[in-house]
Number of protein chains: 2
Amino acid sequence: MSLHEVPNIAPRCGDCPIRHRAVCARCETDELAQLDAIKYYRSFEPGQTVVWAGDRMDFVASVVTGVATLTQTLEDGRTQMVGLLLPSDFVGRPGRPNAPYNVTATTDLLMCCFRKKPFEDLMGRTPHIAQRLLEMTLDELDAAREWMLLLGRKTAREKIASLLAIVARRDASLNLRTPSGRMAFDLALTREAMADYLGLTLETVSRQMSALRRDGVIELEGKRHVIVPDYDLLLDEAGDDADGGYLP
Amino acid sequence: MSLHEVPNIAPRCGDCPIRHRAVCARCETDELAQLDAIKYYRSFEPGQTVVWAGDRMDFVASVVTGVATLTQTLEDGRTQMVGLLLPSDFVGRPGRPNAPYNVTATTDLLMCCFRKKPFEDLMGRTPHIAQRLLEMTLDELDAAREWMLLLGRKTAREKIASLLAIVARRDASLNLRTPSGRMAFDLALTREAMADYLGLTLETVSRQMSALRRDGVIELEGKRHVIVPDYDLLLDEAGDDADGGYLP
DNA sequence: CAAAATCCTTGACGTAGATCAAAGATACGC
DNA sequence: GCGTATCTTTGATCTACGTCAAGGATTTTG
């Protein structure tokens with residue numbers, strides 16, 4: 001349910017195959033046991049919908065493997081992606097019965113779910129979980145606002161470059177990155193999904209990807225595997241924000 | 001720090017002239033006293049900056065009267081508004097030392113501030129304040145995502161209509177609204193601020209405002225006072241989202 | 001009350017990205 | 001191996017919105 005740098009340093013959550021950035025960062029073993037008691041797994045195929053906007057959603061979850069998206073649509077079918085869920089990201093909101101957006105798997109997707117009621121109870125008993133959730137939600141809000149800048153003011157080329165930079169950065173924590181700016185990753189999104197992310201059409205996305213390749217900013221192997229020979233060059237293209245980004 | 005319907009039903013916070021949606025919704029009198037002890041007021045003139053992006057921000061605050069904006073900028077000066085603060089809205093984030101965005105007064109502005117350290121301490125002691133803050137942050141996130149749909153997929157005319165509908169709705173709780181859809185309000189934003197909100201240029205905003213007037217969707221008295229003869233008509237123009245909006 | 005800011009409107013024109021259309025890649029089933 | 005479906009690329013054209021420019025309205029200042 002977010003988009004930023006993910007340190008992925010949280011301790012393992014019981015026997016759960018993923019490090020629950022969401023709920024485990026400061027968990028005591030006792031709490032981990034309680035989380036384990038209420039968790040279960042669900043898997044989805046590419047294209048499958050996890051929940052429809054407006055539907056009751058009686059669980060919260062974090063992504064174990066795969067990619068999911070949050071999307072919003074207008075009556076006439078125009079759609080805008082409003083969230084991109086990568087492994088360790090969290091979906092769902094304690095205190096809200098219904099899902100505000102469509103949640104869709106774009107790849108094979110495994111989610112670790114917690115039934116909402118017991119999760120909320122646990123949250124009520126352990127204040128630091130609520131605090132952690134607040135922290136995460138604030139991160140998401142920052143990401144959403146960065147995204148707003150992209151949607152409102154960046155050119156198509158800058159949008160593409162920014163998206164690639166974001167995905168590359170997320171992958172960088174896991175994947176190989178040479179000391180130079182060279183890095184490679186797979187883009188788990190179709191051109192259409194990229195377009196929905198960026199507020200463009202898929203044709204424009206395709207054209208701009210070709211243009212970036214032509215200009216040597218990126219290399220493409222097949223359609224989805226991207227190589228960034230010089231990360232700084234990509235960031236230049238992305239026209240990243242002034243105001244220096246805020247200090248830690 | 002958000003954009004939705006604000007019921008404004010929270011009890012008064014001590015002698016504070018505003019109902020602190022943020023921190024008082026479920027406050028005990030004891031906690032109110034503690035909040036009162038650490039609060040102070042600051043006022044700003046139109047155009048004045050409350051904090052610069054990146055600067056240390058050692059308080060959280062809620063807007064008492066007036067309007068403020070959160071903006072982000074690219075190096076070349078392109079700017080995007082990412083938050084609109086109306087009375088009762090909350091700014092600032094416990095746990096983060098620096099402000100991520102520029103906060104600027106667009107009218108005369110009075111803020112009720114709480115020094116961050118004591119506020120955080122209080123939050124640590126009273127879990128429901130953290131919960132309330134989480135709730136508010138989730139509301140903001142929803143608003144940000146609605147805004148993303150606007151920025152990414154709506155036409156200029158729809159953008160304007162959506163903005164007017166949002167402001168009208170915020171005002172509706174305070175202002176007069178006849179049983180029919182007729183309503184009137186003052187727009188505390190310049191054309192340029194509207195443009196920054198909507199990801200447009202000020203010329204396009206001006207043209208679309210004129211077009212909406214010409215088409216009888218709105219009436220204008222002077223530049224800032226807007227009359228909406230038929231609110232449903234405005235909502236049609238705004239091309240509001242499908243998926244029915246989620247049920248309460 | 002003139003002079004100078006601001007803020008807003010309107011026009012003429014250019015362009016980035018949308019739309020429409022066709023065809024190449026790649027994968028999948030039989 | 002061939003047909004079908006999905007995804008992607010590329011081209012030709014259109015258009016909504018941006019850019020540049022001029023001129024009102026309204027307020028502020030001296």
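Which element gives the most to the surface near DNA strand C? That element is α6(B), with five residues, and the report below, which concerns a predicted model, sets this contribution beside the surface near DNA strand D and the interface of chain A and chain B.

**DNA strand C**

Around DNA strand C there are 18 residues, of which A156(A), T204(A), R207(A), R191(B) and S210(B) come nearest. By residue class, the surface near DNA strand C divides into three nonpolar, seven polar and eight charged residues. Both protein chains take part through helices, since α6 of chain A and α6 of chain B each supply at least two residues of this surface. Of the atoms of DNA strand C that lie within 4 Å of the protein, 64% belong to sugar or phosphate, and the rest belong to bases. Side chains of chain B approach both kinds of group: R207(B) places a polar side-chain atom 2.8 Å from a base nitrogen of DNA strand C, while S210(B) has a side-chain N or O atom 2.7 Å from a phosphate oxygen of that strand.

**DNA strand D**

For DNA strand D the surrounding residues number 17, and R191(A), S206(A), S210(A), T204(B) and R207(B) come nearest. The surface near DNA strand D consists of three nonpolar, seven polar and seven charged residues. Here α6 (202-214) of chain A and α6 (202-214) of chain B each supply at least two residues, and α6(A) gives the most, with five residues. Sugar or phosphate accounts for 63% of the atoms of DNA strand D within 4 Å of the protein, the rest being atoms of bases. A base nitrogen of DNA strand D lies 3.2 Å from an N or O atom in the side chain of E203(B), whereas the side chains of R191(A) and R224(A) approach phosphate oxygens of that strand, as the table shows.

The table collects the distances from side-chain N or O atoms to atoms of the two strands.

| Residue | DNA strand and atom | Distance |
|---|---|---|
| R191(A) | D, phosphate oxygen | 2.6 Å |
| R224(A) | D, phosphate oxygen | 2.9 Å |
| E203(B) | D, base nitrogen | 3.2 Å |
| R207(B) | C, base nitrogen | 2.8 Å |
| S210(B) | C, phosphate oxygen | 2.7 Å |
| R224(B) | C, phosphate oxygen | 2.8 Å |

**The interface of chain A and chain B**

The contact between the two protein chains takes 59 residues from chain A and 60 residues from chain B. Between them, chain A and chain B bury about 5200 Å², and 55% of this area is on carbon and sulfur atoms. Within the part that chain A buries against chain B, R145(A), M148(A) and R153(A) supply 16% of the area, more than any other three residues.

Charged and polar pairs also cross the interface. The count between chain A and chain B is 12 salt bridges, among them the one that D139(B) forms with R96(A), in which the closest N and O atoms are 3.0 Å apart. Polar contacts link 26 residue pairs across the interface, with both residues of each pair at pLDDT 80 or more.

On the side of chain A that touches chain B, the elements that give two or more residues are β4 (68-73), β5 (79-85), α2 (116-125), α3 (127-153) and α5 (191-198) of chain A. Of these elements, α3(A) gives the most, with 19 residues. The residues on this side of chain A divide into 27 nonpolar, 15 polar and 17 charged.

How values were computed: Residues numbered from 1 in each chain as written. Chains lettered and ligands numbered in written order. Predicted model: local features only at pLDDT ≥ 70, side-chain atom pairs only at ≥ 80, totals over all residues. Heavy atoms only, no water. Near = heavy atom within 4 Å. Polar contact = N/O pair within 3.5 Å; in protein donor to acceptor, adjacent residues only side chain to side chain. Helix = DSSP H or I, 4+ residues; strand = E, 2+ residues; numbered from the N terminus. Nonpolar A, V, L, I, M, F, W, Y, C, P; charged D, E, K, R; others polar. Contact = heavy atoms within 4.5 Å. Buried area = accessible area lost by both parts, 1.4 Å probe. Salt bridge = Lys/Arg side-chain N within 4 Å of Asp/Glu carboxyl O.
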